[in-house]
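Please look over the structure below together with its sequence. The briefing after it is arranged by topic, for a reader who wishes to check each statement against the coordinates.

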Amino acid sequence: MAQSTKGKLNFRCPSCFMRDIDIDMFFDEDKKEYYCLRCGFHGTETDVLRLNEQAKYRYKSMKMRVVDFGEDNQPLQMQPHKRGEQ
Ligand SMILES: [Zn+2]
């Protein structure tokens, strides 16, 4: 822990990110694990990538725009949003 470094890549903590906290993790060279100083999460790169992938369910519509809210109980109508458009 005394020789904490960032890894090759900076990964955000998936556990904190689920609570809308965006924080970089550190890399433990001995254990080959990333760990979070804030919440105690630790895991391999594979673990981190898997969990970050899971967190994307919240943002699956991020690049979509709602074009019609419809009636109650009807699904939203969305279309892809292009950068620079309103
Ligand atoms: Zn964390």
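What follows covers confidence, the metal site, backbone geometry and a surface patch.

The model is a predicted one, and the protein chain averages a pLDDT of 86, with 88% of the residues scoring at least 70. A zinc ion is coordinated by four cysteines, Cys13, Cys16, Cys36 and Cys39, and Val66, Phe69, Leu76 and Met78 make a nonpolar patch on the surface.

**Confidence**
- Among the elements of the protein chain, the highest mean pLDDT, 95, belongs to E3, whereas the lowest, 89, belongs to E4.
- Where pLDDT is low, the predicted coordinates should not be read in detail.

**Zinc site**
- The zinc ion is bound through the SG atoms of Cys13, Cys16, Cys36 and Cys39, at distances of 2.2 to 2.4 Å.
- The angles among the 4 donor atoms run from 104 to 113 degrees, and the site is tetrahedral; four donors count as tetrahedral if all angles lie between 85 and 135 degrees, which is why this assignment holds.
- Along the chain, the donors of the zinc ion are spaced as C-x2-C-x19-C-x2-C.
- The pair of cysteine 13 and cysteine 39 links distant parts of the chain, 26 residues apart: cysteine 13 lies in the segment before helix H1 (14–17), and cysteine 39 in the loop between strand E2 (33–35) and strand E3 (42–43).
- Cysteine 13 is buried, because its relative accessible area is 0%, whereas cysteine 39, with a relative accessible area of 29%, is partly exposed.

**Backbone geometry**
- Most residues other than glycine have a negative phi.
- Lysine 32, in the loop between strand E1 (26–28) and E2, has a positive phi, near 55 degrees; its relative accessibility is 48%, so lysine 32 counts as partly exposed.
- Asparagine 73 also has a positive phi, near 70 degrees, and is placed in the loop between strand E4 (64–68) and strand E5 (77–80).
- With a relative accessibility of 80%, asparagine 73 counts as exposed, since the cut-off for that class is over 50%.

**Nonpolar surface patch**
- The patch made by Val66, Phe69, Leu76 and Met78 covers about 370 Å².
- Valine 66, one of the residues in this patch, is found in strand E4 and counts as partly exposed, at 34% relative accessibility.
- Strand E4, to which valine 66 belongs, is the element with the lowest mean pLDDT, at 89.

Notes
Residues are numbered from 1 along each chain as its sequence is written. This is a predicted model: local features need pLDDT of at least 70, side-chain atom pairs count only at pLDDT 80 or more; totals for chains, interfaces and linings use all residues. Side-chain values use heavy atoms; hydrogens and water are left out. Donors are N, O and S atoms within 2.8 Å of the metal (3.2 Å for Na, K and Ca); water is not among the atoms, so sites may look incomplete. Four donors count as tetrahedral if all angles lie between 85 and 135 degrees; four count as square planar and six as octahedral if opposite donors are over 155 degrees apart and all others between 65 and 115; anything else is irregular. Helices (H or I, at least four residues) and strands (E, at least two) are DSSP runs, numbered from the N terminus. Buried means under 20% relative accessible area, exposed over 50%, partly exposed in between (1.4 Å probe, protein chains only). Patches are made of residues with over 30% relative accessible area and no salt bridge: like charges are joined within 9 Å, nonpolar side chains (Val, Leu, Ile, Met, Phe, Trp, Tyr) within 5 Å. Accessible areas come from the Shrake-Rupley method with a 1.4 Å probe; for residues, only the protein chains shown count as cover. A salt bridge is a side-chain nitrogen of Lys or Arg within 4 Å of a carboxyl oxygen of Asp or Glu. pLDDT is the predictor's confidence in each residue, from 0 to 100.
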